[in-house]
Amino acid sequence: LHIRSSRDGGVVARRVDLDTEHETLVQIDGRSGGLVDALELHIRSSRDGKVRVESFGGTGGKRFSIVVPEDHRFFAFKGGSGGHLHNIAAYALPTPPAAPAAPAQ
């Protein structure tokens, strides 16, 4: 995921990498008005259960929150843009059931 944000007229670009085997996006918080002004990505590790937060943007607009249901996994973003991000949505799919354990031999 590559996000660019403008701060004081300059552009800051950051890349957020997910270890897709052990990390999942569980919540997206942000602020928006006419444009999406800020995003916070909440990423949970399956190794230790800790959540890290990657924050981008400013303080304008009203707060919003997108929570991925407990039995789902984040799948994709959707957004409207015209040079700037105007809106954002997230898609989640049901988490597939765990494979049954192999029988003891």
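In this short talk I will go through the sheet, the core and one pocket of the structure above, which is a predicted model.

Let me begin with the sheet, in which four strands are arranged in the order 5-4-3-6, with antiparallel pairing, to form an open sheet. Strand 5, covering 51–57, and strand 6, covering 62–67, stand at the edges, and each has a single partner strand, so one side of each is left without a neighbour in the sheet. From one strand to the next, the twist averages 20°.

If we look at the pairing of strand 3 with strand 6, we find that six bridges join these antiparallel strands, and that Ile28 has Ile66 as its bridge partner in strand 6.

Ile28 also brings us to the core, since Ile28 is one of the 10 residues of the largest nonpolar core, which also includes Val16, Leu39, Leu41, Phe64 and Ile88. Strand 3 (23–32) and strand 4 (36–45) each supply at least two residues of this core, and the largest share, four residues, comes from strand 4. In general, nonpolar side chains in soluble globular proteins tend to be buried together. Leaving aside neighbours within four places in sequence, Ile28 is in contact with several residues, among them Leu39, Leu41, Phe64, Phe77 and Ala90.

Finally, I turn to the second largest pocket, whose volume is about 270 Å³. This pocket is lined by 17 residues, of which Thr24, Val26, Arg44, Glu70 and His72 are the closest to its centre. Which strand gives the most to the lining of this pocket? The answer is strand 3, with four residues, while strand 3, strand 4 and strand 7 (72–81) each supply at least two.

Technical notes: Residues are numbered from 1 along each chain as its sequence is written. This is a predicted model: local features need pLDDT of at least 70, side-chain atom pairs count only at pLDDT 80 or more; totals for chains, interfaces and linings use all residues. Side-chain values use heavy atoms; hydrogens and water are left out. A nonpolar core is a set of buried Ala, Val, Leu, Ile, Met, Phe, Trp, Tyr and Cys residues joined through side-chain atoms within 4.5 Å. Buried means under 20% relative accessible area, exposed over 50%, partly exposed in between (1.4 Å probe, protein chains only). Contact means heavy atoms within 4.5 Å. Two strands pair if DSSP finds at least two bridges between them. Axes are lines fitted to C-alpha atoms, for helices over the stretch in contact, and angles run from 0 to 180 degrees between N-to-C directions. On a 1 Å grid over the protein atoms alone, a cavity is a set of points where a 1.4 Å probe fits but cannot get out, and a pocket is an open set with protein on both sides within 12 Å along at least five of seven lines; lining residues have an atom within 4 Å of a point. Grid points are joined across faces, edges and corners, and a volume is the space filled by probe spheres set on the points.
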